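User: Please take me through this model one point at a time. Short reasoning will do, with the requested item at the end of each reply.

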Amino acid sequence: MADVTLSIDGQKVTVPAGMTVLEAAEKIGAFIPTLCHDPELSKPGACRICVVEIDGMRNLPASCVTAATEGMVVHTASPAVVEARKTIIELLLASHVEDCMTCQKFGNCKLADYAYYYGVKKSSFVGEQHAAPVDDSSAVIVRDTNKCVLCGKCVRVCDEIQGRHVLDFMHRGFNTIVGPAFNDGMGESVCVGCGSCVAVCPVGALTEKNMQGKGRSWEVTKVKTTCPYCGCGCNFDLNVKNGKVIGVTSNPTSEVNGRHLCVKGRFGYDFIHSSDRLTKPLIKKDGDFVEVSWDEALSYVVSRFKEIKAKDGSDAMAVLTSARCTNEENYLMNKVARVAFETNNIDHCARL
Amino acid sequence: MTNSIGEVKECDYLFVIGSNTTETHPIIAVEMKKAVRNGATLVVVDPRKTELAELANFHVPLKPGANIPLLNTMCNVIIEEKLYNQEFVANRTEGFEELKAAVKNFTPESYAGIIGVPADTIREIARGFAKAKSAAIFYTMGITQHTTGTHNVMACANLSMLTGQIGKPSSGVNPLRGQNNVQGACDVGGLPNVFPGYQAVADKANSEKFSKAWGVKQSEKIGLTVGEMMDAAHHGDLKALYILGENPMLSDPDITHVEHALSKLDFLVVQDLFLTETAMLADVVLPGASFAEKDGTFSNTERRVQLVRKAVEPVAGKADWEVIAEILTRMGYPHEYATASDIFDEVSKVTPQYSGMSFARLEQGSLQWPCPTPDHAGTKYLHQGKFSRGLGKFIAVDFKAPAELPDAEYPFVLNTGRRLYHYHTGTMTRRTKGLSGIYGEESIEINPADACKLSISEGDLLKVSSRRGSINVKANVTDRVPAGMVFTSFHFAETAVNFLTNSARDPIAKIPELKVCAVKVEKAS
């Protein structure tokens, strides 16, 4: 397709025809807030916070669903635009539950970020507040509809990416909420807990149950790694605080999976700090396991291996290596068999 | 996989056989759903009505073990109707006449009964596969865990080669590998018949090469597979076994036999995160480190090598690679590495598929093997222009029934597999609150017609027995399984289904027939 050249805040930018004004603005680094927009999902143009002023247009169009055209003159921060955005934020805050202090999303909330950026301290619209009970019926996800800004990203990600259609809008006007059919709890619904909805939620409406109260976003070190479960090879960030893994969050740069994971990848990490973990080597003495030092355990293991190899020969020795462990560890186990034991008796659970 | 996960959504014809992808490979299933959304045709071949089967254009509920009849009848139709890719067959393959002769009698009419769909549907599926712009086969253990596992895979390869649906984007044969690093464990030498990089131990040139690389004379004698190790231990021929992060006391067929075998060993060392059912039998247990506690690499099902990064200190003070290196050193073979990256450098020296890889490169992004040189970008799909052996060889395969079929005493087929919420022997997932909160107890799926006959209601405790043992497990009455079949997972020690399974193995790959054995079902008293 041909390119088009437009002006954004006085700066000329050339983009492929068909690109939206929002995408063109992102290209030159112009700031436009968004709530319902997500590059991976369809574009409802619903939240209107991304409105801009375009010369010759009567209203303020939503930049996420307006195509850039030749000669277009766009203003992303004109007084009319700023006022419109402030009003939208005020309207959202008017019915938003005020518990930022204990909100899991504190420090990582788009609504709070935009209120801060535009200096919206509190809403000038006084009226009814939402006071629905928090849905903690799911073992992995907390749903608080009082914090929902109705952007619909959770609805679309569940539909368009995960293909599960668990969430949708229900009721109308002020009473509109997002939830599973009949407003059942997430735990009673057909939700499988993949958590893609949590990954796209811009506010604190959908959060990880396990991470509640465990750490603020700025206290956490994120370490990108590879999932230990199936062969898909998803990547994610381990969230580490004080030497402990307190959660898993999506890392959009993951080559296989982007932000999407399954329930095991996103929520299956408690075992790392389980009290059942073995912390010391054990040697069975008179039928019972006794804790010993690494040195004692390794000396004993090596002396027994040497004895048996000398007495019964290399082919009386074998190694079962592990499809759960790293390549480096498997390679070394291959050397235990082939170099130290001098046998090809090595296998793992590839067949199971 | 010969293809990449990223190619799945572009595929026009997905032929999924023996894979419950939404539960076992959820993120690949997401890509399959994208393909369906893009208008692709989805065929799911599975005796169970899996979630993916419900989305499929065609669900083929074949009788357990009837994979070759289906694949061969498809080849028959494609040859009879001259829909095969004549150019590809002529230039890229050999053995076409043998295949043609072998599938001649596999007419859809003769086998429709055990395939489970009418002959015309088989024809329609075969035509669709042959004519599609891109068609890919996806399989998991439903193809391999049979006494004909190797032949089943060959039958898949025959279909792909016959139609030229391989060696190009979104077209190929795609085994979805089960565990996070089963691909890598195979790649770097964790198999009894090959050195790292699939270099056969029986080939003198290879044993000489590795003797030189490692400074110890290498045996050309093929070693024992896991099932054969158990047999050898049982007979007293195997004396010492060192197990790293595996739990055969739950994962292997015929657990009673496994327990006898492991108990007969003179010396068993188990290195694991937890005191597993297998570790309980050990003479020495060494604490392992979880994936969060060490650096290294995993290779996924699409041959993608990715970094594993240490996030927290090892709970027991040592990463597994440090423990193994210390054992090697103390055995008299010094192996001192400062980092996992040093070990990887040695791996890439002796593993041709990994030659061009290093941690420094992987820090910039993952790489898919083969990646032969440091400036090679890696390989998205295999067999472009040429197969590894030159010409692709058609192998004629015939139908052979599973080793143990239902009879009057054991009238049900027991099928086994995985659940979304747990992994393998559950050592990790069952110690995770969220996952156990969602799925804390196992049940066995039984068809309503069978449940009715046996007066079984949802939740009733059943006694399920085979010739090898019995377990008690709650009933889940569902038409997800066909009449005559029951299904459960092997994740739960309390309902360890591998007490029942058959250790009969495929003669070539030595894989056990975990998908079919005969059981009886009764209410537990």
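**Strands, helices and contacts**

User: In S9(B), which residue is the bridge partner of A:Leu320?

Analyst: This is a predicted model, in which local features need pLDDT of at least 70, side-chain atom pairs count only at pLDDT 80 or more, and totals for chains, interfaces and linings use all residues. Residues are numbered from 1 along each chain as its sequence is written, while chains are lettered from A and ligands numbered from 1 in the order in which they are written. Strand S14 (residues 317–320) of chain A and strand S9 (residues 240–244) of chain B run parallel and are joined by 4 bridges (helices, H or I with at least four residues, and strands, E with at least two, are DSSP runs numbered from the N terminus). In S9(B), A:Leu320 is bridged to B:Ile243.

User: By class, how many residues on the side of chain B that touches chain A are nonpolar, polar and charged?

Analyst: Chain B has 115 residues in contact with 98 residues of chain A (contact: C-beta atoms, placed from the backbone, within 7 Å). Helix H16 (residues 320–330) of chain B supplies the largest share of that side of chain B, 8 residues. Counting Ala, Val, Leu, Ile, Met, Phe, Trp, Tyr, Cys and Pro as nonpolar, Asp, Glu, Lys and Arg as charged, and the others, Gly among them, as polar, the side of chain B divides into 65 nonpolar, 29 polar and 21 charged residues.

User: What is the order of the strands in the open sheet of chain B?

Analyst: This sheet has 5 strands with parallel pairing (two strands pair if DSSP finds at least two bridges between them). Its edge strands, which pair on one side only, are S3 (58–60) and S6 (172–175) of chain B. Strand S2 (residues 41–45) of chain B pairs with S3(B) over 3 bridges, and B:Val44 has B:His59 as its bridge partner there. The order is S3-S2-S1-S5-S6.

User: Is H10(B) largely enclosed by the rest of the structure or largely open, and how many of its residues are buried?

Analyst: H10 of chain B covers residues 149–162, and its end C-alpha atoms are 20 Å apart, which agrees with the 20 Å expected for 14 residues (the expected span is 1.5 Å times one less than the number of residues). Its buried residues include B:His151, B:Asn152, B:Cys156 and B:Met161 (buried: 20 or more other C-beta atoms within 10 Å of its own; exposed: 12 or fewer; partly exposed: in between; C-beta atoms are placed from the backbone). The helix is largely enclosed, because the buried count among its 14 residues is 12.

User: Which helix gives the most to the largest nonpolar core?

Analyst: The largest core has 152 residues, and among those that touch the most other members are A:Cys154, B:Leu14 and B:Cys156 (a nonpolar core is a set of buried Ala, Val, Leu, Ile, Met, Phe, Trp, Tyr and Cys residues joined through C-beta atoms within 7 Å). With 8 residues, the helix that gives the most to this core is H4 (residues 67–80) of chain B.

User: Which residues does B:Ile79 touch, not counting residues up to four places away in sequence?

Analyst: B:Ile79 lies in helix H4 of chain B and counts as buried because it has 20 C-beta neighbours inside 10 Å. Its C-alpha atom is 9.0 Å from that of B:Lys104, 25 residues apart along the chain. Leaving out residues up to four places away, B:Ile79 touches B:Tyr84, B:Lys100 and B:Val103.

User: In the hairpin of S1(A) and S2(A), which residue takes a positive phi?

Analyst: Strand S1 (residues 3–8) and S2 of chain A run antiparallel and are joined by 6 bridges, with A:Val4 partnered by A:Val15. S2(A), residues 11–16, is hardly covered, with a buried count of 0 among its 6 residues. There are 2 residues between the strands, and the positive phi, near 50 degrees, belongs to A:Asp9.

User: Does B:Ser170 count as buried or exposed?

Analyst: B:Ser170 lies in the loop between H10 and S6 of chain B. Its phi is near 60 degrees, a positive value in a residue other than glycine. It has 24 C-beta neighbours inside 10 Å, so B:Ser170 counts as buried.

User: Which residues does a cis peptide bond join in chain B?

Analyst: The loop between strand S14 (367–368) and strand S15 (392–393) of chain B holds B:Pro370. B:His383 lies in the loop between S14 and S15 of chain B, with a positive phi near 70 degrees. Omega is about 0 degrees at the cis bond, which joins B:Trp369 and B:Pro370.

Notes
Two residues are in contact if their C-beta atoms, placed from the backbone, lie within 7 Å.
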